Amino acid sequence: VLHDYVSINPGVTISGICDIGDNTTIGAGATILDKIRIGANTIIGAGSVVTKDIPEGVIAYGSPAKVIRDNNP
C-alpha cells in the first residue's frame, strides 16, 4: 500500500506486502522486505535494507536500516 505523496527512487525493491505512509521518500537502491510498515513523513536512505518497521517522522538508513534522527522540517 502506497499512501499519498510517496516518492520511490530508481532501483528500489519492495518485497511482498508493505505499507508506506504519506510523504515518505525511499532512496535509490533501497530494499524493503515483506510485511514492513514505514510511517508517514519518513526518509529511507539510499541503499538501505529495511528489515523491521520504521516509525513515522524519522530518517533511517543503513543495512539493516536504523532510525538515525527525527525528520523535523
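Reader: How many bridges join strand 5 to strand 8?
Author: Bear in mind that this is a predicted model, where local features need pLDDT of at least 70, side-chain atom pairs count only at pLDDT 80 or more, and totals for chains, interfaces and linings use all residues. Residues are numbered from 1 along each chain as its sequence is written, and side-chain values use heavy atoms, with hydrogens and water left out. Strands here are DSSP runs of E with at least two residues, numbered from the N terminus, and two of them pair if DSSP finds at least two bridges between them. Strand 5 and strand 8 run parallel, and the number of bridges joining them is 2.

Reader: Which residue in strand 8 does I32 stand opposite?
Author: Strand 5 covers residues 31-32, which puts I32 in it. Strand 8 is 49-50, and the residue there that faces I32 is V50.

Reader: Which strands stand at the edges of the open sheet of 3 strands?
Author: That sheet has parallel pairing and the order 2-5-8. Each edge strand has a single partner, so one side of it is left without a neighbour in the sheet. The two in question are strand 2 (13-14) and strand 8 (49-50).

Reader: And the open sheet of 5 strands: what is its order?
Author: The pairing in this one is mixed. Strand 1 (7-8) and strand 10 (65-70) each have a single partner strand, so they stand at the edges. Reading across the sheet, the order is 1-4-7-9-10.

Reader: In strand 10, which residue is the bridge partner of I59?
Author: I59 belongs to strand 9, residues 58-62. Strand 9 and strand 10 run antiparallel, with 5 bridges between them. For I59, the partner in strand 10 is R69.

Reader: Is T42 buried or exposed?
Author: T42 is found in the loop between strand 6 (37-38) and strand 7 (43-44). Leaving aside residues up to four places away in sequence, it touches a long list, including N23, T24, I54, V58 and N71; a contact means heavy atoms within 4.5 Å. The cut-offs are under 20% relative accessible area for buried and over 50% for exposed, with partly exposed in between (1.4 Å probe, protein chains only). At 0% relative accessibility, T42 counts as buried.

Reader: Which residue's backbone oxygen does the side chain of T42 reach at 3.1 Å?
Author: There are two backbone oxygens to look at here. One belongs to G39 and lies 3.0 Å from a polar atom of the T42 side chain. The other, at 3.1 Å, belongs to P55.

Reader: What does G29 count as at 35% relative accessibility?
Author: G29 sits in the loop between strand 4 (25-26) and strand 5. Beyond residues up to four places away in sequence, G29 touches P10, G11, V12, G47 and S48. Its 35% relative accessibility makes it partly exposed.

Reader: What distance separates the C-alpha atoms of G29 and T13?
Author: Along the chain, the two are 16 residues apart. Their C-alpha separation is 7.2 Å.

Reader: What is the radius of gyration of the protein chain?
Author: The chain has 0 helices and 10 strands. Its radius of gyration, taken over C-alpha atoms, is judged against a globule rule of 2.2 Å times the number of residues to the power 0.38. For 73 residues the rule gives 11 Å, and the chain comes close to that, so it is as compact as a globular protein of that length, at 10 Å.

Reader: What share of the 73 residues do buried residues make up?
Author: The C-alpha atoms fill a box of roughly 30 × 25 × 20 Å along the principal axes. Within the chain, the buried share is 32%.

Terms used. Helix = DSSP H or I, 4+ residues; strand = E, 2+ residues; numbered from the N terminus. Polar contact = N/O pair within 3.5 Å; in protein donor to acceptor, adjacent residues only side chain to side chain.
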